[in-house]
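Visitor: I should like to examine this structure by way of short questions. Please begin with the terms needed for the pocket lining.

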Amino acid sequence: MEQFDQSLLHKFQLNQCTPEEYERVLEWFTTPAGREYLDTVMTQDLDTAKPDIMMSSLQSEELYQRILDTTGQEQSHHRRPGWFTGLKVAAILSGTLMLAYGGWRVYNHHRNTIIQTAYGEVRTVVLPDQSEVTLNGNSTLRYVNNWEGSGDREVWIEGEAFFSVKPSAVPRSFQVHTASKMNVEVLGTTFNLVDRHGRMQVVLNSGKVRLHSSRTPEETIIMQPGDLVEYKEQVRTKVKNHINTQRYSSWKRNSLQFENASFAELAQLLEDTYGVSVEIRDTSLLHQEFTGTVPSQQMDMLLDGLSQLFHLKVSHVNNTVIIEKD
């Protein structure tokens with residue numbers, strides 16, 4: 001079996017990984033060596049599970065099949081005769097395994113909850129204070145479970161998310177920490193946040209937020225509704241006012257709205273959100289700008305919309321999207 005960083009696996013068990021480390025572990029779980037590791041640990045855990053937390057064989061089989069489906073394993077992979085007979089499943093839900101199960105990527109710990117969406121998945125999460133976070137595909141949200149008392153409300157985000165933050169009865173700030181080390185401080189507001197590849201963008205729909213870097217917290221910017229602020233490697237690169245905020249969160253409504261966007265930006269969006277490789281065969285398209293709206297419910301529907309709207313030949317071969325002039 002291919003060796004993996006055992007100290008990182010131990011951190012994973014204790015729910016102490018950073019979002020980047022969680023992603024690294026999850027990616028390894030999809031490899032043959034990672035799947036073999038999962039199978040071995042499940043077998044050991046199942047043999048030692050406590051009888052007071054058993055599930056039925058039918059529930060066990062359904063859960064295990066979901067594991068196979070979401071991690072890409074064949075149904076026959078390492079199945080033993082009578083595998084589900086008297087299966088003690090509680091151990092499957094132990095900290096070692098929970099995040100590895102694709103659609104079961106919600107890890108509950110006594111201190112933290114971590115939620116990761118799959119490529120192309122949109123999911124709304126209700127936080128302990130009833131604030132809502134809608135995650136776009138390929139995004140990760142982490143928050144501390146216990147928000148009681150007078151402490152600040154804190155979440156960590158990587159990817160793209162839309163926040164609808166509830167004002168607190170007791171004055172308490174709402175802190176959003178990003179992988180780019182940029183922080184958003186909120187009192188009660190709605191905004192869209194993107195944090196990928198060292199680029200962080202915030203679009204404020206309502207309310208007021210304060211942005212600052214964890215590296216230089218004394219340097220702040222106050223945003224008003226209709227503002228867009230963008231940072232690259234913690235350096236502010238763009239400020240816009242009075243924008244159409246709905247366009248930036250159109251993905252919540254199963255559509256993608258583009259305004260003076262380049263096909264290079266489109267390619268990056270497809271790769272980040274849907275997990276595909278994009279090949280633009282006609283390089284003259286890379287910097288060509290376009291404006292339009294396409295559906296985003298399914299990859300094939302999105303590609304068909306693009307081809308019709310922009311008179312392109314768009315094909316999806318295996319995990320690669322090929323874009324060329326028709």
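Guide: Ala, Val, Leu, Ile, Met, Phe, Trp, Tyr, Cys and Pro count as nonpolar, Asp, Glu, Lys and Arg count as charged, and the others, with Gly among them, count as polar. The model discussed here is predicted.

Visitor: How many nonpolar, polar and charged residues does the lining of the largest pocket have?

Guide: The largest pocket holds about 1000 Å³ of space. Of the 39 residues that line it, Arg199, Gln201, Tyr248, Glu265 and Leu269 are the closest to its centre. Sorted by class, the lining of the largest pocket has 13 nonpolar, 15 polar and 11 charged residues.

Visitor: Which element gives the most to the lining of the largest pocket?

Guide: The elements that give two or more residues to this lining are β9 (190-196), β10 (199-206), β13 (228-232), β14 (235-240), α5 (245-248), β15 and α6 (263-274). At the level of domains, the lining draws at least three residues from each of domain 2 (110-247) and domain 3 (254-325). With eight residues, the element that gives the most is α6.

Visitor: Which residue of β17 does Gln257 stand opposite?

Guide: Strand β15, residues 255-262, pairs with β17 in the antiparallel sense over six bridges. Along β17 (residues 289-295), Phe290, Gly292 and Val294 point to one face and are buried, while Glu289, Thr291, Thr293 and Pro295 point to the other face and are not. Gln257 stands opposite a residue of the face that is not buried, namely Thr293.

Visitor: What is the bridge partner of Ile280 in β19?

Guide: In strand β16 (residues 277-280) the side chains alternate, with Val278 and Ile280 buried on one face and Ser277 and Glu279 on the other face, not buried. This strand pairs with β19 (residues 320-325) in the parallel sense over four bridges. In β19, the bridge partner of Ile280 is Ile323.

Visitor: How many residues lie between β11 and β12 in their hairpin?

Guide: Strand β11 (residues 209-213) runs antiparallel to β12, and four bridges join them. His212 stands opposite Thr220 in β12. Along β12 (residues 220-223), Ile221 and Met223 point to one face and are buried, whereas Thr220 and Ile222 point to the other and are not. Between β11 and β12 the hairpin has a connection of six residues.

Visitor: Is Ser173 buried or exposed?

Guide: Ser173 lies in the loop between β6 and β7. Leaving aside neighbours within four places in sequence, Ser173 is in contact with Asp152, Arg153, Glu185, Val186 and Leu187. The relative accessible area of Ser173 is 11%. Buried means under 20%, so Ser173 is buried.

Visitor: How far apart in space are Lys166 and Val186, C-alpha to C-alpha?

Guide: Lys166 lies in the loop between β6 (153-164) and β7 (174-178), and its relative accessible area of 42% makes it partly exposed. Leaving aside neighbours within four places in sequence, Lys166 is in contact with Asp129, Gln130, Ser131, Arg153 and Leu187. Lys166 and Val186 are 20 residues apart in sequence, and their C-alpha to C-alpha distance is 9.6 Å.

Visitor: What is the phi of Gln130?

Guide: Gln130 lies in the loop between β3 (123-126) and β4 (132-135). At 49% relative accessibility, Gln130 counts as partly exposed. Its phi is positive although the residue is other than glycine, with a value near 75°.

Visitor: Is His197 buried or exposed?

Guide: His197 is found in the loop between β9 and β10. Although His197 is not a glycine, it has a positive phi of about 55°. Its relative accessible area is 51%. Exposed means over 50%, so His197 is exposed.

Visitor: What percentage of the residues of the protein chain count as buried?

Guide: The secondary structure of the protein chain comes to seven helices and 19 strands. Among contacts with a separation of 6 or more, residues 24 or more positions apart account for 48%. Of the 326 residues of the protein chain, the part that counts as buried is 49%.

Definitions and conventions
Residues are numbered from 1 along each chain as its sequence is written. This is a predicted model: local features need pLDDT of at least 70, side-chain atom pairs count only at pLDDT 80 or more; totals for chains, interfaces and linings use all residues. Side-chain values use heavy atoms; hydrogens and water are left out. Buried means under 20% relative accessible area, exposed over 50%, partly exposed in between (1.4 Å probe, protein chains only). Two strands pair if DSSP finds at least two bridges between them. Contact means heavy atoms within 4.5 Å. On a 1 Å grid over the protein atoms alone, a cavity is a set of points where a 1.4 Å probe fits but cannot get out, and a pocket is an open set with protein on both sides within 12 Å along at least five of seven lines; lining residues have an atom within 4 Å of a point. Grid points are joined across faces, edges and corners, and a volume is the space filled by probe spheres set on the points. Domain bounds come from an automatic or database domain assignment.
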